[in-house]
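Welcome, and take a moment to look at the model before reading on. We will go through it step by step, with each term explained as it comes up.

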Amino acid sequence: MSVQGRDCCITLKTEYREMGVPYSEETIREAVSVLKEEAAIEGGGNCGGIRRSRGVTGCVVTPLSIESAPLLFVLALGRSGLPAFVSGTRVLYRHRVNLLAMESGLRFDLIQDRGPVRTLYEGCRVKDFELRIMQGEAVKLKLDIAGSMPPVSYPYPDRAAVYGGERFKEDGVKYRINGTEYKNIYGLTISTRKDGGTQTEVRIHRVMNTTTEIPPIIETLEITAQLLHDHYAHRLYGAFRLTLSRLVLMADETAINAGDTVIGPLRYYVAGDLSADVFNTDEGIIE
């Protein structure tokens, strides 16, 4: 089984969009299985095998940018529908995205460029995803890809433009828990598995020994990421807001044996909803 590396280029295609993913780490590959035929019992003959394609497997890890965030959130969570214009702004539109509590999400095609070789994986979906926000890093999204169609050669030479633009970073992220802003959170990870029923976990990395400790039960967690620049750059303006409800503490994973520990993760189970509002200058349909 050949595992591809980060020297590949990935293009995502939906009914309305064709997007080259910004710089990404990825391990997209063909999923295969082997039908094995044992040797005859009378002697030590050779075993035989038949190779069968099982479609596509692997993942794509990419930073979220102003241009790529709407489509990537739609692929991860669900469908967006028509955007709504935000009154009081010149060019800002809001895309509302909700996590679908089902295994099958929006289907899309994936084109992998590896040097001169172009491969098409049709009918892909996101089976799991993980959003990582960590101090000093760009906000990254990992999409675990699944599909049942065998890959085929993609002969067309034209390539989609890479959706670039300004990237969201941790220093532009704010956290509100039950309506109160918490400044002792330095990182957060949201992990969602869709196969076999949707299940979402959140790891909150916080600074300890502060007066504001995070409660064991969270009614609402709101994460807002905004690009940091002045209002004259309205063409690059953007933000996204994630809202999670009914979080229950599962474990405190802080390394208590470390004498100088000042930070540690709390692991929560999300018993409620997960939704996203993505704001940018695109008024077109995303999915």
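Two strands are said to pair if DSSP finds at least two bridges between them. Strands themselves are DSSP runs of E with at least two residues, while helices are runs of H or I with at least four residues, and both are numbered from the N terminus. Before we use these terms, please note that this is a predicted model, in which local features need pLDDT of at least 70, side-chain atom pairs count only at pLDDT 80 or more, and totals for chains, interfaces and linings use all residues. Residues are numbered from 1 along each chain as its sequence is written, and side-chain values use heavy atoms, with hydrogens and water left out.

Let us start with the overall picture. The protein chain has one helix and 19 strands. Of its 287 residues, 43% count as buried, where buried means under 20% relative accessible area, exposed means over 50%, and partly exposed lies in between (1.4 Å probe, protein chains only). The chain exposes about 14,800 Å², and carbon and sulfur atoms supply 51% of that area; accessible areas come from the Shrake-Rupley method with a 1.4 Å probe, and for residues only the protein chains shown count as cover. Among contacts (heavy atoms within 4.5 Å) with a separation of 6 or more, 67% are between residues 24 or more positions apart.

Now find strand β19, residues 274-280. Seven of its seven residues are buried, so the strand is largely enclosed by the rest of the structure. In a regular strand the side chains alternate between the two faces of the sheet. In β19 both faces are covered: one side carries Leu-274, Ala-276, Val-278 and Asn-280, the other Ser-275, Asp-277 and Phe-279, and all are buried. Which strands pair with β19? Strand β7 (residues 93-98) runs antiparallel to β19 and is joined to it by six bridges, and strand β17 (residues 239-252) is also antiparallel to β19, again with six bridges. Phe-279 is a good place to see both pairings: Arg-94 stands opposite Phe-279, and Ala-239 has Phe-279 as its bridge partner.

From here, turn to the helix. α1 spans residues 69-77, and nine of its nine residues are buried. Among them are Pro-70, Leu-72, Phe-73 and Val-74. The helix also has a place in the largest nonpolar core, a set of buried Ala, Val, Leu, Ile, Met, Phe, Trp, Tyr and Cys residues joined through side-chain atoms within 4.5 Å. This core has 59 residues, and those with the most contacts inside it are Leu-64, Val-202, Leu-221 and Ile-223. The largest share of the core, eight residues, comes from α1. Leaving aside neighbours within four places in sequence, Leu-64 is in contact with several residues, including Ala-69, Leu-72, Phe-73, Phe-168 and Phe-240.

Some of those names return when we look at the rings. Rings of Phe, Tyr and Trp (its six-membered ring) pair if their centres lie within 6.5 Å; planes under 30 degrees apart count as stacked, over 60 as edge-to-face and the rest as tilted. The structure holds four aromatic pairs. In one of them, Tyr-154 and Tyr-156 meet edge-to-face, at 5.3 Å centre to centre and 70° between the planes. Tyr-154 is buried, with a relative accessible area of 12%, whereas Tyr-156, at 53%, counts as exposed. Phe-168 and Phe-240 have ring centres 4.9 Å apart and planes at 80°, so this pair is edge-to-face. The pair links distant parts of the chain, 72 residues apart: Phe-168 lies in the loop between β11 (152-153) and β12 (173-177), and Phe-240 in strand β17. Both Phe-168 and Phe-240 are buried, and ring pairs link them with Phe-73 into a cluster.

Next, visit Thr-200, in strand β15 (residues 199-207). Is Thr-200 buried or exposed? Thr-200 is buried, because its relative accessible area is 4%. The side chains of Thr-200 and Thr-192 are joined by a polar contact of 2.9 Å.  Such a contact is a pair of N or O atoms within 3.5 Å; within protein, one must be able to donate a hydrogen and the other to accept it, and residues adjacent in sequence count only if both atoms are side-chain atoms.

Finally, two residues have an unusual backbone angle to look at. Most residues other than glycine have a negative phi. Asn-178, in the loop between β12 and β13 (180-182), has a positive phi of about 50° and is partly exposed at 38%. Arg-246, in strand β17, has a positive phi of about 55° and is partly exposed at 43%.
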